[in-house]
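User: I'm new to reading protein structures, and I'd like a close look at pockets and cavities. Please take me through one pocket slowly, and then through what else goes on around it.

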Amino acid sequence: APIVMENLEVSGENSPDSVPDSKKVCDETDLTGSIEENAPIAIEEVLDSIQTSPEPTPVTEKASHDLHLTPDLIGLYTLTLPVPPGSDLTLLSSLQEDIAWFDTPVSILCMDNMIDGGAMLEVKLRDKDMTMAVLNGLKQKYPGLEGDSSSLHADILPDKETGLYTLCFTDTNRKRYKATMEKFKMYSKQLPVISRGLGAEQVMVAFHAKEEAVKAFRQNLDSDEFPELQVASCSRSL
């Protein structure tokens, strides 16, 4: 029995439970102190890194209101909408109705595109701000609707083959040659050249001088007698 008691006493001295209370308190105090001192520092560093991290730069798409529209040769602003080959041209009446909701256009024309066989709807408006309002208001409904900012419509050029400045219109009123010549010869020192165009009922009116063509275009743009008057494709810088 005494031997057993001695072994127990020895075991008691070496066991963790035999560590003095003062040592336990010291270790616990050091550990607690370390946590209390270090934890706030770690949290502050994290907060500082969050607060000082650069904010992501938003990616913005160039808005159409940044577009600088350019007027054509008589001061009108142009919107265009490409029409793929085989498309239903009832799009023209739909576009006309939607634009009229904003303002009455000077003209809406359907231009044949000889390159791909499609067409181009061309809208002319008088006011620059209204043109931008139409563009911003309808560009989602009509993808591809664009405002001219390239000055492509700002001039009329001589036809590469004839050297003449050429206009054209649709002769739905059956004016034919004599009435057309009678109307447009007043703008020209030399008689203009009147000819049939490639399109149905299309009539070409060609002038020898640029200023004559511009004057005739300006004064008859919205004429009911000579509807859809425009600069012919052969005299455009497109």
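Analyst: A pocket is an open set of points on a 1 Å grid over the protein atoms alone, where a 1.4 Å probe fits and protein lies on both sides within 12 Å along at least five of seven lines; in a cavity the probe cannot get out, and lining residues have an atom within 4 Å of a point. This is a predicted model, where local features need pLDDT of at least 70, side-chain atom pairs need 80 or more, and totals for chains, interfaces and linings use all residues. Residues are numbered from 1 along each chain, and side-chain values use heavy atoms, without hydrogens or water.

Let's start with the second largest pocket. Its volume is about 330 Å³, counted as the space filled by probe spheres on points joined across faces, edges and corners. Sixteen residues line this pocket, and Gln96, Ser107, Ile108, Leu109 and Glu228 lie nearest its centre. Two elements give at least two residues each to the lining: helix H3, covering 91-102, and strand E2, covering 107-112. (Helices, H or I with at least four residues, and strands, E with at least two, are DSSP runs numbered from the N terminus.) E2 is the biggest giver, with four residues.

Glu228 deserves a pause. This residue sits in the loop between H6 and E8. Its phi is positive, about 60 degrees, although Glu228 is not a glycine. Is Glu228 buried or exposed? Neither: with a relative accessible area of 40%, Glu228 is partly exposed, because that label covers values between buried (under 20%) and exposed (over 50%), for a 1.4 Å probe and protein chains only. Arg176 makes a nice partner for it. Arg176 also has a positive phi of about 60 degrees without being a glycine, but its place is in helix H5, and at 54% relative accessibility it counts as exposed.

Now for the closed space. Searching the whole structure turns up one cavity of 30 Å³ or more. The largest cavity has a volume of about 70 Å³. Its lining is made of Asp72, Leu73, Glu122, Lys124, Leu152, His153, Asp155, Phe217, Val231 and Arg236. Two of these residues are worth following outward, Leu73 and Phe217.

Leu73 is in the loop between helix H2 (21-52) and strand E1 (77-83). Its relative accessibility is 17%, so Leu73 counts as buried. Although 82 residues separate Leu73 from Asp155 in sequence, their C-alpha atoms are 5.1 Å apart in space. Setting aside residues up to four places away in sequence, Leu73 is in contact (heavy atoms within 4.5 Å) with His153, Ala154, Asp155, Ile156, Val214, Phe217, Arg218 and Val231.

So which residues does Phe217 touch, leaving aside neighbours within four places in sequence? They are Leu73, Ile74, Leu167, Leu229, Gln230 and Val231. Phe217 is itself one of the buried residues of H6, alongside Glu212, Ala213, Val214, Ala216 and Asn220. The cover over these buried residues includes E5, H5, E7 and strand E8 (230-231).

Phe217 also belongs to a nonpolar core, meaning buried Ala, Val, Leu, Ile, Met, Phe, Trp, Tyr and Cys residues joined through side-chain atoms within 4.5 Å. The largest such core has 23 residues, and Ile156, Leu167, Phe184, Phe207 and Phe217 have the most contacts inside it. Strand E5 (165-170), helix H5 (176-184), strand E7 (202-207) and helix H6 (210-220) each give two or more residues to this core. H6 supplies the largest share, four residues. Apart from this core lies another, of 18 residues, including Tyr77, Leu81, Leu125 and Leu145.

Finally, let's step back to the whole chain. The chain holds six helices and eight strands, and from the N terminus on they run α-α-β-α-β-β-α-β-β-α-β-β-α-β. Of its 238 residues, 33% count as buried. Among contacts between residues at least 6 apart in sequence, 69% join residues at least 24 apart. The pair you met earlier, Leu73 and Asp155, is 82 residues apart in sequence, which makes a good place to begin when you turn the model yourself.
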